[in-house]
Amino acid sequence: MDNSERKSHLDGLSDVEILDKIIRYSKRSHYGEKDSELAARLIANYGTLRDVLKTDVRSLLCVKGLDERTAVFISLFYQAAQRIGEEKIEKIHKITDTQTAKDYFRALLKVKRNECFAVVALNDKRKVLDWRIISEGYVNQSVVDIRGLMLFLIDHNATGAIIAHNHPSASPEPSYEDIMITRKLIQLLRTIDIELIDHIIVGKSSDYSIMTESENPLLNI
């Protein structure tokens, strides 16, 4: 079987079938008849294969029939996906348009279990200087480490910045809180001569650029 045939075969598998193969590999000779229903039960509980892989080991162990070895094995796929995402963004050296910004933060944030707030520092040529996860958890104005974000940008002599956060299980449409965080950072970063270029929201299956897609008058400052 050549590579194209192998790829086609894997692409044709459902979420349940792929997860069942992962469970089979983890259990090996201990895989039994009862285990054949485990993949379907996990997908039913969590929704999709991606959602299962993003679930932490402690939560997975609450699923009847799932042992620690298999839970850890499933979690390793999530860890690998995070590494792959970080490797992808290392290949993006400049962010000069909205789509590139969306691609950058989708690679970084799409596999995160929780809501994360990130920033990328840019120079005047829009070259990527560095990125950082600023906070993790429910993103609002009281949780985002604005001081840490500003110090990170100053330390890198940035002249521009793009911020982003993810909605792990929801639409990327911005909330009022998202708009207000954007407004606040536009104003604060201006005081240190840094332009806030965009605020990207990474949704479950699509992304949103607040600067180019939102018509909220609160951003007219």
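Which residue of strand 3 does Val120 stand opposite? In this predicted model, the residue facing Val120 is Ile162 of strand 3, and the pair is best read in the setting of the two strands concerned. Strand 1, residues 116-122, and strand 3, residues 160-166, pair in the antiparallel sense over six bridges.

These two strands belong to an open sheet of five strands, arranged in the order 2-1-3-4-5 and with mixed pairing. At its edges lie strand 2 (128-136) and strand 5 (207-209), each of which pairs on one side only. Direction ignored, neighbouring strands of the sheet are turned against each other by 20° on average. In general, the strands of a sheet pair through backbone hydrogen bonds, in either a parallel or an antiparallel manner.

From the sheet the reader can move to helix 8, which lies across strand 1, strand 2 and strand 3 and runs at about 20° to strand 1. Helix 8 (residues 146-155) also meets helix 9 (residues 176-190), the two axes coming within 12 Å and crossing at roughly 45°. Because angles from 35 to 65 degrees fall outside the roughly parallel and roughly perpendicular ranges, helix 8 and helix 9 are oblique to each other. The crossing in which helix 8 passes helix 9 is right-handed. On the side of helix 8 the contact is made by Ile146, Leu149, Met150 and Leu153, while helix 9 contributes Lys184, Leu185, Leu188 and Leu189. Sorted by character, the residues of this contact between helix 8 and helix 9 comprise seven nonpolar, no polar and one charged.

Conventions
Residues are numbered from 1 along each chain as its sequence is written. This is a predicted model: local features need pLDDT of at least 70, side-chain atom pairs count only at pLDDT 80 or more; totals for chains, interfaces and linings use all residues. Side-chain values use heavy atoms; hydrogens and water are left out. Axes are lines fitted to C-alpha atoms, for helices over the stretch in contact, and angles run from 0 to 180 degrees between N-to-C directions. Helices (H or I, at least four residues) and strands (E, at least two) are DSSP runs, numbered from the N terminus. Angles under 35 degrees count as roughly parallel, over 145 as roughly antiparallel, 65 to 115 as roughly perpendicular and the rest as oblique. A crossing is left-handed if the near helix is turned anticlockwise from the far one by less than a right angle, and right-handed if clockwise. Contact means heavy atoms within 4.5 Å. Ala, Val, Leu, Ile, Met, Phe, Trp, Tyr, Cys and Pro count as nonpolar, Asp, Glu, Lys and Arg as charged, and the others, Gly among them, as polar. Two strands pair if DSSP finds at least two bridges between them.
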